[in-house]
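Work through the exercises below with the sequence and the 3D structure open beside you. Try each task before you read its solution.

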Amino acid sequence: MAHFSGHRQPAEVPVHFKNLFTNGQLGAAEENNNNDQNEQENRPNNNNNNNEGPSDPTCWVFGYGSLCWHPGFTYTKCITGYIRGYVRRFWQGNVTHRGCEEKPGRVATLVKDKEGITWGCAYRITGCTALDYLKQRECTLGGYATIDTKFFPRVASQDTPFSGEAVEVLVYVATPENIHWLGDDPVEEIAQQIATCRGPSGHNAEYLLRLALFMHEEIPGVRDDHLFELERLVLEELYRRQIPLSSVMGRNPDRIRRDSHEDIRRPPSFEFTSRVPDTKLRCLNI
């Protein structure tokens with residue numbers, strides 16, 4: 001199992017993202033239209049404590065791991081969708097949340113793949129408080145760096161920024177240069193590691209299983225072979241070791257209301273849910 005000892009400081013937030021906090025272009029149009037709705041749909045632990053003023057700039061952050069089910073920061077909107085050019089892999093080690101120094105856990109990162117699609121959810125955040133929290137959680141403790149890319153919403157709505165066009169999002173990605181990187185291994189070995197590791201935030205299996213549950217419940221019909229194969233193997237390993245599922249899942253997180261504008265949606269498109277090989281059609285004489 002590869003483990004890189006070198007460490008490079010996490011990249012700073014891209015300059016043009018800092019500029020977004022000056023002009024606040026992303027999401028500004030729907031802020032006033034949906035103010036009352038946001039107050040009702042947001043949960044106490046992540047939304048109702050928002051003390052930012054209405055003029056504070058806004059940006060979007062894409063989550064594809066624990067952020068999908070446990071953001072931990074204040075946000076004003078959550079939308080499911082995908083990014084292109086990356087695939088999700090459990091190649092990043094973790095010693096602060098789902099493992100320890102003696103026995104690192106495995107968490108998700110993104111690996112470049114020009115044909116790849118990664119599904120998750122984007123959060124609209126206002127002000128700098130959430131970014132400071134994410135920098136501590138993802139960069140300082142997790143070893144992730146920041147990149148930016150385009151986010152494609154699952155649901156395109158007439159009265160939100162998501163009118164069928166992609167928007168720019170901030171993404172946290174681990175690379176081989178960080179000290180916690182574990183890299184690729186046979187999927188069976190990764191599953192065994194996940195099934196036997198635990199950290200201050202809980203069992204490593206909970207991280208994986210709640211992420212898989214998010215995919216099954218929120219984006220049914222979309223395949224993620226790496227994630228779902230690990231889900232199957234980890235459940236089998238827990239059963240083999242006679243580890244009750246209740247002992248690894250912890251407390252249920254607060255439910256997140258996503259895609260809250262679905263009542264005015266256009267039909268969702270799953271054009272990019274999987275890679276379908278080219279097939280030659282045969283004409284039939286009927």
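**Exercise 1. Which residues are linked with Arg98 in a network of salt bridges?**

Solution. Keep in mind from the start that the model is predicted. As a first step, recall that side chains of opposite charge can pair when their charged atoms come close. The cut-off to apply is a side-chain nitrogen of Lys or Arg within 4 Å of a carboxyl oxygen of Asp or Glu. The network that includes Arg98 is completed by Glu206 and Arg210. Both Glu206 and Arg210 are listed among the buried residues of α6. For the whole structure, the number of salt bridges is 12.

**Exercise 2. Find the partner of Arg88 in a salt bridge, and explain which parts of the chain the pair ties together.**

Solution. The side chain of Arg88 meets that of Asp224, with 2.8 Å from N to O. Next, locate the two residues: Arg88 belongs to strand β2 (residues 77-94), while Asp224 sits in the loop between α6 (204-218) and α7 (225-240), and therefore the salt bridge ties together parts that are 136 residues apart in sequence. Finally, check the accessibility of each partner against the cut-off for a buried residue, which is under 20% relative accessible area. Arg88 has a value of 2% and is buried, and Asp224, at 11%, counts as buried as well.

**Exercise 3. Examine Arg106 and describe its contacts with Asp185 and with Asn204.**

Solution. Begin with the side chain of Arg106, which forms a salt bridge with the side chain of Asp185 at 2.8 Å, N to O. Since Arg106 lies in strand β3 (residues 105-126) and Asp185 in the loop between β5 (167-173) and α5 (187-196), this pair ties together parts that are 79 residues apart in sequence. Arg106 and Asp185 are both buried.

Now turn to the backbone of Arg106, whose nitrogen lies 2.7 Å from a polar atom of the side chain of Asn204. Asn204 is part of helix α6, and its relative accessible area of 0% makes it buried. When neighbours within four places in sequence are left aside, the residues in contact with Asn204 include Arg98, Gly105, Arg106 and Gln193.

**Exercise 4. Compare the length of α6 with the expected span, and decide how well the helix is covered.**

Solution. Taking 1.5 Å a residue, the 15 residues of α6 should span 21 Å, and the C-alpha atoms at its ends are 22 Å apart, so the two values agree. For the cover, count the buried residues: 12 of the 15 are buried, which leaves α6 mostly covered. Among them are Tyr207, Leu208, Leu209 and Phe214.

**Exercise 5. Identify the residues that touch the most other members of the largest nonpolar core, and follow one of them to its contacts.**

Solution. In soluble globular proteins, nonpolar side chains tend to be buried together. Here the largest nonpolar core has 65 residues, and the members that touch the most others are Phe90, Tyr123 and Ile125. Strand β3 supplies the largest share of this core, with 9 residues. Choosing Ile125, and not counting residues up to four places away in sequence, one finds that its contacts include Pro57, Val61, Phe73, Tyr75 and Leu131.

As a last step, place these details in the whole protein, which has 8 helices and 7 strands. Of its 286 residues, 50% count as buried.

Methods
Residues numbered from 1 in each chain as written. Predicted model: local features only at pLDDT ≥ 70, side-chain atom pairs only at ≥ 80, totals over all residues. Heavy atoms only, no water. Buried < 20%, exposed > 50% of the residue type's maximum accessible area, 1.4 Å probe, protein only. Helix = DSSP H or I, 4+ residues; strand = E, 2+ residues; numbered from the N terminus. Expected span 1.5 Å × (residues − 1). Core = buried A, V, L, I, M, F, W, Y, C linked by side-chain atoms within 4.5 Å. Contact = heavy atoms within 4.5 Å. Polar contact = N/O pair within 3.5 Å; in protein donor to acceptor, adjacent residues only side chain to side chain.
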